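Thanks for coming. I will go through the charged pairs first, then one loop position, then the cysteines.

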Amino acid sequence: MLRCPLVCTLLSLYAVLSSTAAQAVAPEVAVGDTVPHFSVRLADGGMLQSVALRGRTFVITFFDTTCGDCRRELPVLQRLYAEMGDSVRFLCIARGESAEHTSRYWAQNGLTLPAAADPTRCVYELFVRHIVPRVYVCASDGTITAAFARKAGRRSLARAIRKANKHKRK
């Protein structure tokens with residue numbers, strides 16, 4: 001007789017704790033959301049806060065140097081960065097990697113995009129939980145106007161950047 005109320009109580013307690021834990025984890029950002037606030041130390045030693053990216057279209061990319069898709073996507077981003085000059089800001093953030101490792105990878109691969117390391121994944125987890133590369137194209141007001149997982153490609157990214165340039169906050 002005592003088993004049923006005890007089991008019901010334990011199941012209720014589990015349900016409450018599970019829903020509380022789920023609420024403590026921030027949801028993934030999506031198109032239409034505003035970029036979360038974060039700070040990163042750039043490879044050149046300077047600090048960058050996400051609000052400093054505003055004022056023109058910007059692209060945030062999360063990557064891992066051991067990820068094959070990331071290794072293919074970074075040169076695409078590098079070409080866009082070179083083509084677009086100062087009209088678009090770019091920031092690449094190394095998920096779970098040290099600043100030293102990221103700088104070494106950048107040098108070995110001839111990358112000049114602004115980069116930062118996120119060794120604890122704190123910044124990455126403000127955006128998403130799984131899968132790299134992740135590319136977020138954002139309008140000048142900080143609104144995410146496009147998001148790509150695994151592969152964006154040059155054409156899709158260029159189209160998304162043009163769309164972000166035309167974005168008007170509603």
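A salt bridge here is a side-chain nitrogen of Lys or Arg within 4 Å of a carboxyl oxygen of Asp or Glu. By that rule, Arg154 and Glu83 form a salt bridge through their side chains, with N to O at 2.4 Å. This pair links distant parts of the chain, since Arg154 sits in helix α5, residues 154-166, while Glu83 sits in helix α2, and the two are 71 residues apart. Keep in mind that this is a predicted model.

How accessible are the two partners? Arg154 is partly exposed, at 35% relative accessibility. Glu83 is also partly exposed, at 47%.

In general terms, side chains of opposite charge can pair when their charged atoms come close. The structure holds four salt bridges in total, and I will show two others.

One of them is in helix α2, which spans residues 68-84. There the side chains of Arg72 and Asp69 meet, with 2.6 Å from N to O. These two residues are three apart, about one turn of the helix. Which class does each fall into, exposed or partly exposed? Arg72 has a relative accessible area of 54%, so it is exposed, the cut-off being over 50%. Asp69 has 28% and is partly exposed.

The other is between Glu125 and Arg121, where the closest N and O atoms are 3.9 Å apart. With the limit set at 4 Å, that distance therefore still counts. Glu125 is partly exposed at 34% relative accessibility, and Arg121 is partly exposed at 27%.

Next, the loop position. Where is Ala52? Ala52 lies in the loop between β2, residues 47-49, and β3, residues 58-63. Its relative accessibility is 43%, which counts as partly exposed. Along the chain, Ala52 and Gly142 are 90 residues apart, and their C-alpha atoms are separated by 9.9 Å.

Last, the cysteines. How many disulfides does the structure hold? The number is zero. A disulfide would need a pair of cysteine sulfur atoms within 2.5 Å. Two cysteines can still be described by their accessibility. Cys67 has a relative accessible area of 14%, and because buried means under 20%, Cys67 is buried. Cys70 is at 1% relative accessibility and is buried as well.

To recap: there are four salt bridges, the one between Arg154 and Glu83 links distant parts of the chain, and there are zero disulfides. That is what I have.

How values were computed. Residues are numbered from 1 along each chain as its sequence is written. This is a predicted model: local features need pLDDT of at least 70, side-chain atom pairs count only at pLDDT 80 or more; totals for chains, interfaces and linings use all residues. Side-chain values use heavy atoms; hydrogens and water are left out. Helices (H or I, at least four residues) and strands (E, at least two) are DSSP runs, numbered from the N terminus. Buried means under 20% relative accessible area, exposed over 50%, partly exposed in between (1.4 Å probe, protein chains only).
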